[in-house]
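I opened a fresh page today and wanted to go through this fold piece by piece. Here is what I looked up, in the order I looked it up.

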Amino acid sequence: MQLPKYALLDKKVGETPLETLEDWRKSLPELVSTPIAYAGRLDPMASGQLLVLIGEECKNQTEYHDLDKEYKVGILFGVSSDSGDVLGLVSENTNREVIEEKLREILLELIGSIEFPYPIFSSKTVQGKPLHTWTMENRLHEITIPTRKSDIFKLSLDRLYTQTRSEVTQNALNKIELIPPVTDPRKALGNDFRRPEVRVAWKKFKENGNESDIFYIADITCICSSGTYMRTLAEEVAKKLNTFGLAYSIHRTVIGRYNKEAGTWSKIF
């Protein structure tokens with residue numbers, strides 16, 4: 001039986017890419033001993049397309065690293081977290097109102113080349129160690145956080161809506177519970193994604209005002225170069241609106257462009 005070179009999987013919120021890959025492998029006995037690798041990660045709180053390479057194609061993994069991506073992103077304004085998404089220790093800004101016209105202007109301004117710092121909770125390696133490890137060890141002051149140049153090809157507003165403080169809190173708590181408990185002693189430093197502390201932070205957020213307080217959320221579409229962090233983009237959009245922001249949701253809808261006749265992948269732009 002000739003195996004395919006690749007497959008597109010649908011990663012769910014709460015799963016790691018490895019968990020998505022291994023669950024898929026279990027459904028296909030013929031792949032039990034076959035090498036499989038994913039071409040591009042997704043955060044635990046993100047969902048969507050995950051491109052995996054099969055068998056000998058794993059040796060060509062680097063050829064897939066530069067594929068453009070399309071995302072549907074929800075940006076929650078007036079709230080930030082140290083992780084850039086709901087799986088972090090949250091803070092609040094009193095400036096919560098968002099004017100749609102101004103938001104559209106900012107999104108247009110961000111189209112083009114831009115340089116972003118890597119999130120402190122990311123796998124980017126600095127001096128041989130991932131940034132998230134430096135963060136958990138409280139040693140960020142010892143290093144310079146690197147930046148990465150990104151190209152934003154499209155950035156548009158799909159809708160702007162509101163949720164109450166109570167709804168935001170409940171949605172955030174529901175999402176972080178989708179991650180299976182992390183008990184691997186090799187990952188003890190992460191302390192199960194700090195979920196005990198994160199839960200407390202969100203509950204304090206709920207108690208910080210009235211449950212009926214209104215928060216704005218923007219659903220946007222972003223087409224960008226590989227390696228662009230939607231968490232950082234959400235923070236940058238909010239910063240230009242003079243408030244806080246985090247990635248309330250991230251869903252990857254497209255990876256590159258697939259040529260069915262040639263059986264190859266290429267960039268969109």
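Before any loop can be placed between two strands, I need the terms: helices (H or I, at least four residues) and strands (E, at least two) are DSSP runs, numbered from the N terminus. I also keep in mind that this is a predicted model.

**Entry 1: backbone oddities**

With those terms I looked up Gln-127, which sits in the loop between strand E8 (125-126) and strand E9 (129-130). Gln-127 is not a glycine, yet its phi is positive, about 50°. I found Gln-127 exposed, at a relative accessible area of 66%.

Asn-242 gave me a second case: a non-glycine residue with a positive phi of about 60°. I placed Asn-242 in the loop between H6 and E12. Asn-242 counts as exposed as well, at 61% relative accessibility.

**Entry 2: helix H6**

Asn-242 follows H6, and that led me to the helix itself. Which residues of helix H6 (residues 230-240) are buried? I noted Met-230, Arg-231, Thr-232, Leu-233, Ala-234, Val-237 and Ala-238.

Next I checked what these buried residues of H6 pack against. My list has one helix, H2 (100-109). It also has the strands E4 (69-77), E7 (112-117), E10 (147-164), E11 (214-224) and E12 (245-255).

**Entry 3: strand E4**

E4 was on that list, and I turned to it next. Is E4 enclosed or open? I counted 8 of its 9 residues as buried, so E4 is largely enclosed by the rest of the structure.

I then followed its pairing. E4 and E11 run antiparallel and are joined by 8 bridges. Within this pairing, Ile-75 has Ala-218 of E11 as its bridge partner. E4 also pairs with E12, again in the antiparallel sense, over 9 bridges. There I found Leu-76 standing opposite Leu-246 in E12.

**Entry 4: salt bridges**

How many salt bridges does the count come to? I get 17, and I followed up a few of them.

My pick in E4 was Lys-72, whose side chain meets that of Asp-158 in a salt bridge (3.8 Å, N to O). Asp-158 lies in strand E10 and Lys-72 in strand E4, so this pair ties together parts that are 86 residues apart in sequence. Both count as partly exposed: Asp-158 at 42% relative accessibility and Lys-72 at 35%.

Then I looked at helix H1 (residues 17-26), where Lys-26 and Asp-23 are 3 residues apart and therefore separated by about one helical turn. Their side chains meet in a salt bridge at 4.0 Å, N to O. Lys-26 is exposed, with a relative accessible area of 67%, whereas Asp-23 is partly exposed at 43%.

My next stop was Lys-129 with Glu-137, a salt bridge in which the closest N and O atoms are 2.9 Å apart. Is Lys-129 buried or exposed? The cut-off for buried is under 20% relative accessible area, and Lys-129 has 19%, so it is buried. Glu-137, at 31% relative accessibility, is partly exposed.

I closed the page with a network: Glu-92, Arg-96, Arg-165 and Asp-213 are joined into one by salt bridges that share partners.

Notes
Residues are numbered from 1 along each chain as its sequence is written. This is a predicted model: local features need pLDDT of at least 70, side-chain atom pairs count only at pLDDT 80 or more; totals for chains, interfaces and linings use all residues. Side-chain values use heavy atoms; hydrogens and water are left out. Buried means under 20% relative accessible area, exposed over 50%, partly exposed in between (1.4 Å probe, protein chains only). Contact means heavy atoms within 4.5 Å. Two strands pair if DSSP finds at least two bridges between them.
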